[in-house]
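Me: I should like to understand the terms used for this structure. Please set each one against its criterion.

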Amino acid sequence: MAAVARLSISPRPHPTLPAERGGAISLESDAAEYAQRVIPRDVAGMSAEIRELARKRNAVILAHNYQVPEVQDVADFVGDSLGLSRQAAATSANVIVFCGVHFMAETAVILSPSKRVLIPDLAAGCSLAATINAEQLAAWKAEYPGAIVVSYVNTTAEVKALSDYCCTSGNAERVIRAIPEDKEILFLPDMFLGTYLEKVTGRKMHVWPGECHVHAGIRPADIDRARAEHGDADLLVHPECGCASQCMYFKASGDIDAERTHILSTEGMVRHAKEHPSRSFVVATELGIMHRLAKEAPQGRFYAASEHAICRYMKKITLEKLLTSLRDDVFEVTVPEEVANKARGAIQRMVEL
Ligand code: 13P
Ligand code: SF4
């Protein structure tokens, strides 16, 4: 299976890659479109209606850190993939409205099978999750019998069902360290996170050559420019970024202040900014996080590593669609029971670690 090899090969071009990498998505035009989006005129009125509907239906609204500001502001919980999975597993609500992308809502279904899980727009997919399906994983596993499969949470339920462990950017390192040394590891689907993990843990793994079009689009040159413009800023880098390996290298070589370079999940970024409230920060991830950073660390100064880092899938969810979702009970996310039962073990291990 030639396409599944070490990181040195290029991933197969697919339509979700940015245009400059052979795909059909232009991050520039997505960012331009987002900049021109129409914010609802009556945010306060709609938010009040959403809160009232959520109360009546005993619904909890979970929002990922990349959601538009008005959706974050109306949610019960805002967080990263790991935090939201934990909320979904622990909630006593009857309904979970997931303002995030489809694989996150599927994870909530698997963790809370008795709840009704809604997503306000079914088109909220994920370019990274789309890089591997169950057939491809089955073929890869057949090449390495006995290997432990670690899937990043950005995967479909079918892929998780074929995995031993699931991880997020918030606990991936701990998951890899927990696997006995004598076991081979198949890590999927993010090659930048996989390479980063190999470096920090010293563990050799087989890494699937997948990538998120937004984070892959944040290039080493963006970091070079940001460092030149904001030399005194802390560098906060998501491990899915195309520049994550470069930052690791800079850190190790002493070229940048190791103390001020941090490779973090989105929640880790918020935590770090709150712990150092009056610093400036260069932020290398999807730009939805800026709202939460500004809200929770108001004295901080935040600069985007790339102004084009907008995820078209996360931005599918709007306040209007959230209102419709709660009012009309749409769109229910389901996972076949057999798949959910197989995937649950890997996800529970992730939540517990
Ligand atoms: P986090 O788990 O760090 O929030 O990342 C989720 C994601 O989709 C990154 O693109
Ligand atoms: Fe998927 Fe990337 Fe969007 Fe995260 S930012 S949801 S990994 S496409």
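Me: Into which domains is the protein chain divided?

Reply: In this predicted model, the protein chain is divided into domain 1 (19–124 + 314–335), domain 2 (129–212 + 341–352) and domain 3 (218–304). The C-alpha centres of domain 1 and domain 3 are 26 Å apart.

Me: How many residues of domain 1 are in contact with domain 3, and what makes a pair a contact?

Reply: Two residues are in contact if their C-beta atoms lie within 7 Å. Twelve residues of domain 1 are in contact with eight residues of domain 3. On the domain 1 side, helix H3 (69–74), strand E2 (77–79) and H4 each give two or more residues. By class, that side has six nonpolar, five polar and one charged residues.

Me: Why is Asn58 called exposed?

Reply: A residue counts as exposed if 12 or fewer other C-beta atoms lie within 10 Å of its own. Asn58 has 11 such neighbours inside 10 Å, and therefore counts as exposed. Asn58 is placed in the loop between H2 and strand E1 (59–64). Its phi is near 50°, a positive value in a residue other than glycine.

Me: How do you know that the span of H2, the helix just before Asn58, is close to the expected one?

Reply: The expected span is 1.5 Å times one less than the number of residues. Helix H2 (residues 43–57) has 15 residues, for which 21 Å is expected, and the helix reaches 21 Å from its first C-alpha to its last.

Me: Why is Asp329 called partly exposed?

Reply: Partly exposed residues fall between the exposed limit of 12 or fewer and the buried limit of 20 or more. Asp329 has 13 other C-beta atoms within 10 Å, so Asp329 is partly exposed. Asp329 belongs to the loop between H15 and H16, and its phi is near 60°, a positive value in a residue other than glycine. Phe331 also lies in the loop between helix H15 (319–328) and H16. A cis peptide bond, with omega about -10°, joins Val330 and Phe331.

Me: Where is Arg225 found, and why is Arg225 partly exposed?

Reply: Arg225 is found in helix H11 (residues 220–229). With 14 other C-beta atoms within 10 Å, Arg225 is therefore partly exposed. Arg225 and Ser306 are 81 residues apart in sequence, and 9.7 Å apart in space from C-alpha to C-alpha.

Me: Which residues of H16 are buried, and where does the helix bend?

Reply: Buried means that 20 or more other C-beta atoms lie within 10 Å. In H16, Ala343, Ala346, Ile347 and Met350 are buried. What covers these buried residues includes helix H4 (81–90), helix H5 (102–111) and strand E5 (148–152). H16 bends by about 35° at Arg344.

Me: Which residues are around ligand 1, and what makes a residue near a ligand?

Reply: A residue is near a molecule if its C-beta atom lies within 6 Å of it. Around ligand 1 are twelve-residue-shell members including Asn65, Asp80, Ser81, Glu240 and Glu286. By class, the shell around ligand 1 has one nonpolar, eight polar and three charged residues.

Me: Which residues are the closest to ligand 2?

Reply: The closest are Cys126, Leu128, Cys212, Val214 and Cys311, among 13 residues that surround ligand 2. The shell around ligand 2 divides into eight nonpolar, four polar and one charged.

Key
Residues are numbered from 1 along each chain as its sequence is written. Chains are lettered from A and ligands numbered from 1 in the order in which they are written. This is a predicted model: local features need pLDDT of at least 70, side-chain atom pairs count only at pLDDT 80 or more; totals for chains, interfaces and linings use all residues. The bend at a residue is the angle between axes fitted to the seven residues ending there and the seven starting there. Helices (H or I, at least four residues) and strands (E, at least two) are DSSP runs, numbered from the N terminus. Domain bounds come from an automatic or database domain assignment. Ala, Val, Leu, Ile, Met, Phe, Trp, Tyr, Cys and Pro count as nonpolar, Asp, Glu, Lys and Arg as charged, and the others, Gly among them, as polar.
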